[in-house]
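Please walk through this protein's architecture, moving from a single helix outward to its cores, sheets and second largest pocket. How do the buried parts fit together, and where does open space remain?

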Amino acid sequence: MIDPADYALWNSGVPRPYLKALSRDDLLAEADGVRVRDAGGRWYIDGRSGLWNVTLGYGNERVKEAIKQQVDRLPFANSYGYGRPAQVTVECAQTLVRHLPDGINHVRFASNGAQAVEMALQFSRFLRLRAGQPERMAVFAMWDGFHGQGPGAGMVTGVPYLHHQTGPMLPEVHHAPGPFAPGAGDGVSDLERHITDFGPERVTAVIVEPVVGEGGHILSPEYLGSLARFCRRHDIHLVFDEVVTGMGRVGDFTRAGQLPDVTPDIITLGKGITSGYVPMSAVAIHDRLYEQLHDRTTGETALSVGSTNDGHAVAAAAAIAVMGVLSEDGVLENVRQRESDLVAALGKVQAQHPELTAVRCLGLFCGLEFGEPDGPAWTPGQVNKLRMALESRGVLSSSLRVVPNLMLMPPLVVTQDDVAEIAGALDGAIGDVKAGRMPESGFARAMG
């Protein structure tokens, strides 16, 4: 247990109970490859890639060297407003758009995924105001979709507790059930139906994750194709939040790039864009929106959005290195191969444990659903116990606060042996939970 008087960091929503469970040995102290070590000396496979962002694992030499060289050459330049951007930041944007769907050729950098989401929505509304359409401010999103936290990103996130915990947030935001919701699947999406009932002429943008982070629900190409056609027909900006799915997680630079009939107007990227080594995110926009921005801005009506560290030179150098690793070092192919290994291994676990009721994987983005055979789904608390049991067996994973799913998001460089180790630990952890065995550490017991 840590004495609160000796712990200056505030990193929990419930600090005192958390600190009663935490010891100095639980603090992470070192990492190598796909593994992290705590201060007590125990190593774990990082099956959650930090916070789903350390995509190339720990210690990638190309990324480390790029960061070191950029710090020596030029550690900072301002790309906000009329500042002079660093050469490396311009190069980063030019490199990035070569890996994006056709027509998406302009990038603005930000510092994290939530900021990128808010910037994308501000941009959409800005274009409407400059076009003389002040009535067109509504944004539609999906229940259980996750787009970050904050007054804008938290509001479009389809998790109600974020909407109320601090009072009023971004207005004119509406949610509809996704195709995975109970009762969905009658041929017309609830999202399209809700917008039609609301009035498409009042809607500026729709934002969706092509793979929904709260549970790993994979939106089908047919669903996304229909939504894209609906948005184009009604001149609604379609925003793909690819903060998680982008930069290799699903076996390509973007999920949009795997869908030849779907081109969003805006793509947000983050997390894996620098493999988590330094903070960075991006808003990438289609040419048709960029031309509208050009036509509708003057010195007096410029879009003022951004912050000091956007387009940071060191982050740009790291991102260029990451794109090089993804393109040249066989990482994307590894994702596709390990997806097959992981699905097969989890299928064997499922055969032994019918409590594992669903496995949803695209690339190395994997959501596992649990429930009693022919009975109710597990609660988030039960899944969190499983997470802690899995951690006691040497594998870190993610459980969700509202949706009762376990998320496996290992680094994109995991090996076949790593996948087998993850599946074996999960097999044992499910057995532990079913038998009522709790991990031995006080931290695991309290947090479970």
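**From one helix to the cores, sheets and pocket**

Helix H8 is followed by Gly 199, whose phi is positive, near 115°. The model in view is a predicted one, and the helix that ends just before this glycine is a convenient place to enter it. Within H8, which spans residues 190-198, the buried residues are Asp 190, Leu 191, Glu 192, Ile 195 and Phe 198. An α-helix has 3.6 residues a turn, so residues three or four places apart point the same way. The buried residues of H8 pack against three strands, S5 (138-142), S6 (173-176) and S7 (203-208), and also against helix H9 (221-233).

One of these residues, Leu 191, leads into the interior, for together with Val 206 and Val 208 it touches the most other members of the largest nonpolar core, which holds 92 residues. Helix H11 (residues 313-328) gives this core its largest share, 13 residues. In soluble globular proteins, nonpolar side chains tend to be buried together. If neighbours within four places in sequence are left aside, Val 206 is in contact with Phe 140, Leu 191, Ile 195, Leu 227, Cys 231, Ile 236, His 237, Leu 238 and Val 239. Apart from the largest core lies another one, of 26 residues, which includes Phe 123, Val 156, Val 173 and Ile 285.

Strand S7 also contains Thr 204, which counts as buried because its relative accessibility is 0%. Not counting residues up to four places away in sequence, Thr 204 touches Ser 124, Arg 125, Arg 128, Arg 136, Met 137, Ala 138, Val 139, Ile 236 and His 237.

The pairing of the strands can be followed from S10 (residues 237-241), which runs parallel to S11 and is joined to it by three bridges; in this pair, Asp 241 has Thr 268 of S11 as its bridge partner. S11 pairs with S12 in the antiparallel sense, over four bridges, and there Ile 266 has Ile 285 of S12 as its bridge partner. In a regular strand the side chains alternate between the two faces of the sheet. In S11 (residues 266-269), Ile 266 and Thr 268 point one way while Ile 267 and Leu 269 point the other way, and all are buried.

Elsewhere, four strands form an open sheet with mixed pairing, in the order S1-S2-S3-S15. Its edge strands are S1 (28-32) and S15 (395-396), each of which pairs on one side only. S3 (residues 43-46) and S15 pair in the parallel sense over two bridges, and Ile 45 stands opposite Val 395 in S15.

Where, then, is space left open? The second largest pocket holds about 980 Å³ of space. It is lined by 29 residues, of which Ser 79, Val 107, Arg 108, Tyr 290 and Leu 293 are the closest to its centre. The elements that give two or more residues to this lining are helices H4 (87-97), H5 (113-130) and H10 (287-296), along with strands S4 (104-110) and S12 (281-286). By residue type, the lining divides into 16 nonpolar, 11 polar and two charged residues.

A last stop is Thr 415, found in the loop between strand S17 (405-408) and helix H14 (416-435). Thr 415 counts as partly exposed because its relative accessibility is 36%. Its C-alpha atom is separated by 8.1 Å from that of Asn 334, although the two residues are 81 residues apart along the chain.

Terms used. Residues numbered from 1 in each chain as written. Predicted model: local features only at pLDDT ≥ 70, side-chain atom pairs only at ≥ 80, totals over all residues. Heavy atoms only, no water. 1 Å grid on protein atoms, 1.4 Å probe; cavity = no way out; pocket = protein on both sides within 12 Å on 5 of 7 lines; lining within 4 Å. Points joined across faces, edges and corners; volume = space filled by probe spheres on them. Nonpolar A, V, L, I, M, F, W, Y, C, P; charged D, E, K, R; others polar. Core = buried A, V, L, I, M, F, W, Y, C linked by side-chain atoms within 4.5 Å. Buried < 20%, exposed > 50% of the residue type's maximum accessible area, 1.4 Å probe, protein only. Contact = heavy atoms within 4.5 Å. Pairing = 2+ DSSP bridges.
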